[in-house]
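Me: I would like to learn how to read a protein model. Could we go through it feature by feature?

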Amino acid sequence: MPDSSGSRRAGNAVQAIESCNSTWLFDAERMRFRRVPKGTSIDVPAPPEEWEPYFSLDLADDSGAFVVALNQAGTRLLRSYRHGVPCPHCDANATSELSLEAVKLGYDIDGTDDT
Ligand SMILES: [Zn+2]
């Protein structure tokens, strides 16, 4: 494992994207990200295990859609939408965003739920 506690905060390198129910944080310097429920304080440094590596982030400015590739082959993708005002996604995607509960409980972003 690389040194992830670090002697300095890489705050400037972290890009935050708000989706309807969560905040995505992308640490471009270390190519890792995490997703937290909206309202969670992101000023508190997260333990290393709460970050997940990613390969690329593709954010479409016009639509607000973004795709996170978790590997180079692009076979593991996460898709979401940036929350906007007005936001067409809050209503349409309310159900799917409920999966965030799983993130809160066990941070299992692949949805392999074997509790
Ligand atoms: Zn929204």
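The dialogue below takes up strands, sheets, burial, contacts and backbone geometry in turn.

Me: What kind of model is this, and how are residues numbered?
Reply: This is a predicted model, in which local features need pLDDT of at least 70, side-chain atom pairs count only at pLDDT 80 or more, and totals for chains, interfaces and linings use all residues. Residues are numbered from 1 along each chain as its sequence is written.

Me: How many helices and strands does the chain have?
Reply: Helices (H or I, at least four residues) and strands (E, at least two) are DSSP runs, numbered from the N terminus. Here the chain has two helices and seven strands. Along the sequence their pattern is β-β-β-β-β-β-β-α-α.

Me: How do I read a sheet?
Reply: Strands of a sheet pair through backbone hydrogen bonds, and the pairing is either parallel or antiparallel. Two strands count as paired if DSSP finds at least two bridges between them. In this model, four strands form an open sheet in the order E1-E2-E3-E4, with antiparallel pairing. Strand E1 (14-18) and strand E4 (52-53) are the edge strands, each pairing on one side only.

Me: Which residues of E1 and E2 stand opposite each other?
Reply: Val14 stands opposite Asp27 in E2, and Gln15 stands opposite Phe26. The antiparallel pairing of E1 and E2 has five bridges, and a hairpin of three residues joins the two strands.

Me: What comes after that pair in the sheet?
Reply: E2 is joined to strand E3 (residues 32-37) by six bridges, and the two run antiparallel. One opposite pair here is Ser22 with Pro37 in E3. E3 and E4 also run antiparallel, with two bridges between them. Arg32 faces Pro53 of E4 as its opposite residue.

Me: Which strands form the other sheet?
Reply: An open sheet with antiparallel pairing has three strands in the order E5-E6-E7. E5 and E7 are at its edges with a single partner strand each, so one side of each has no neighbour in the sheet. On average, neighbouring strands of this sheet are turned by 15 degrees against each other, direction ignored; axes are lines fitted to C-alpha atoms, for helices over the stretch in contact, and angles run from 0 to 180 degrees between N-to-C directions. E6 and E7 pair over five bridges, and Val68 stands opposite Leu78 in E7.

Me: Is Ser22 buried or exposed?
Reply: A residue is buried if 20 or more other C-beta atoms lie within 10 Å of its own, exposed if 12 or fewer, and partly exposed in between, with C-beta atoms placed from the backbone. Ser22 is in strand E2 (residues 22-27). Ser22 is buried because 22 other C-beta atoms lie within 10 Å. Its C-alpha atom is separated by 5.5 Å from that of Val36, 14 residues apart along the chain. Across the chain, buried residues make up 13% of the 115 residues.

Me: How does Ala60 compare with those cut-offs?
Reply: Ala60 is exposed, because 11 other C-beta atoms lie within 10 Å. Ala60 lies in the loop between strand E5 (56-59) and strand E6 (65-69).

Me: Which residues is Ala60 in contact with?
Reply: Two residues are in contact if their C-beta atoms, placed from the backbone, lie within 7 Å. Setting aside neighbours within four places in sequence, Ala60 is in contact with Ala65 and Phe66. By the same kind of list, Tyr54 is in contact with Met31, Arg32, Phe33, Val68, Ala69 and Leu70. For contacts in the chain between residues at least 6 apart in sequence, 27% join residues at least 24 apart.

Me: Which residues make up the largest nonpolar core?
Reply: In soluble globular proteins, nonpolar side chains tend to be buried together. A nonpolar core is a set of buried Ala, Val, Leu, Ile, Met, Phe, Trp, Tyr and Cys residues joined through C-beta atoms within 7 Å. The largest one here has six residues: Ile17, Trp24, Phe26, Phe33, Tyr54 and Val68.

Me: What should I note about the backbone at Met31 and Pro86?
Reply: Met31 is not a glycine, yet has a positive phi of about 50 degrees. This residue belongs to the hairpin of E2 and E3, which has four residues between the strands. Met31 is partly exposed because 13 other C-beta atoms lie within 10 Å. As for Pro86, a cis peptide bond joins Val85 and Pro86, with omega about -5 degrees. Pro86 is in the loop between strand E7 (77-81) and helix H1 (89-92).
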